[in-house]
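Colleague: I'm new to this one and don't know where to start. Could you pick the part around one buried residue, look at it closely, and then walk me outwards from there?

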Amino acid sequence: MKYKTVTALAALSLTQCTSLDIEECMHADWYSFGLNDGNSGTTPYTLNNYIQDCSEFGLGVDSTQWRAGYQIGLKNYCQPENGYMLGLEGAYYNGVCGSNDFLKRYNEGHRKYEIKQRISTVKTRLSTIENEIAQATSAISSSIDVPNNKERKNSLKREREQLEQELLLLRIGAPDAFSIQFNF
């Protein structure tokens, strides 16, 4: 799990490009840029992107002002309830908060997000199963490949039963709902 988090963080940090133009570099309110970046939970490496962009035009960045704004924005971003809401939305977290409370609440919200996503996936599959059972039933009634269609129908019914059980566990919040292994 730790490896996945580090890999994801590294990948995201590579994709956080800023690409400022000359006008933005000349007229930037660096405190506001930092405040916005902190409020958004971007990594502090964003400043390096600004510096690189503006240096292409021979312009500098007020790093002190950016950092001051960033720290204020980060305090807003790193509130535990914001972590919960971000997790609940399935938003990505860059690992910028030093607070264990933020991470704990983010993980709680993200767990609920994952459950909601899994419920949606299971419901979609159950709907598909109903259609496939109807097709198998129709084929059996039409005497088309009866043995295979009967087996297919029985297999689909078993899968439906297992998914309905998983759905029930997901809805009641069973902690092991994701670890259930079904054989279809």
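Modeller: Sure! One cut-off before we start: a residue is called buried when its relative accessible area is under 20%, exposed when that area is over 50%, and partly exposed in between. Keep in mind, too, that this is a predicted model. Its mean pLDDT is 87, with 84% of the residues at 70 or more.

Our starting point is G38, in helix α3 (residues 30-40). Its relative accessibility is 0%, so G38 counts as buried. What does G38 touch, leaving aside its neighbours within four places in sequence? The contacts are Y70, G73, L74 and Y77. Helix α5 covers residues 63-77, and confidence peaks there at a mean of 98. K75 is also worth finding: 37 residues separate it from G38 in sequence, yet their C-alpha atoms are 7.7 Å apart in space.

Next, look for G41. Its backbone oxygen is reached by the side chain of N94, at 2.8 Å. N94 sits in the loop between α6 (80-89) and α7 (100-141). With a relative accessible area of 11%, N94 is under the 20% cut-off and therefore buried.

From that loop, carry on to α7 and its charged side chains. Side chains of opposite charge can pair when their charged atoms come close. The structure holds eight salt bridges. In one of them R125 meets E159, 2.8 Å from N to O. R125 belongs to helix α7 and E159 to helix α8 (residues 146-172), so this pair ties together parts that are 34 residues apart in sequence. R125 is partly exposed at 24%, whereas E159 is buried at 10%.

E130 and R160 make another salt bridge, with their closest N and O atoms 3.0 Å apart. Here too the pair links distant parts of the chain, E130 being in α7 and R160 in α8, 30 residues apart. E130 is partly exposed, at 37%.

R158 and E151 pair up as well, with 3.4 Å between the closest N and O atoms. R158 is partly exposed at 45%, and E151 is partly exposed at 45% too. On top of that, R125, E132, R152 and E159 are joined into one network by salt bridges that share partners.

One caution before you explore further. Confidence is lowest in helix α1 (residues 2-15), at a mean of 36. The pLDDT is below 50 over residues 1-16, and also over residues 180-184. Where pLDDT is low, the predicted coordinates should not be read in detail.

How values were computed. Residues are numbered from 1 along each chain as its sequence is written. This is a predicted model: local features need pLDDT of at least 70, side-chain atom pairs count only at pLDDT 80 or more; totals for chains, interfaces and linings use all residues. Side-chain values use heavy atoms; hydrogens and water are left out. pLDDT is the predictor's confidence in each residue, from 0 to 100. Helices (H or I, at least four residues) and strands (E, at least two) are DSSP runs, numbered from the N terminus. Contact means heavy atoms within 4.5 Å. Buried means under 20% relative accessible area, exposed over 50%, partly exposed in between (1.4 Å probe, protein chains only). A polar contact is a pair of N or O atoms within 3.5 Å; within protein, one must be able to donate a hydrogen and the other to accept it, and residues adjacent in sequence count only if both atoms are side-chain atoms. A salt bridge is a side-chain nitrogen of Lys or Arg within 4 Å of a carboxyl oxygen of Asp or Glu.
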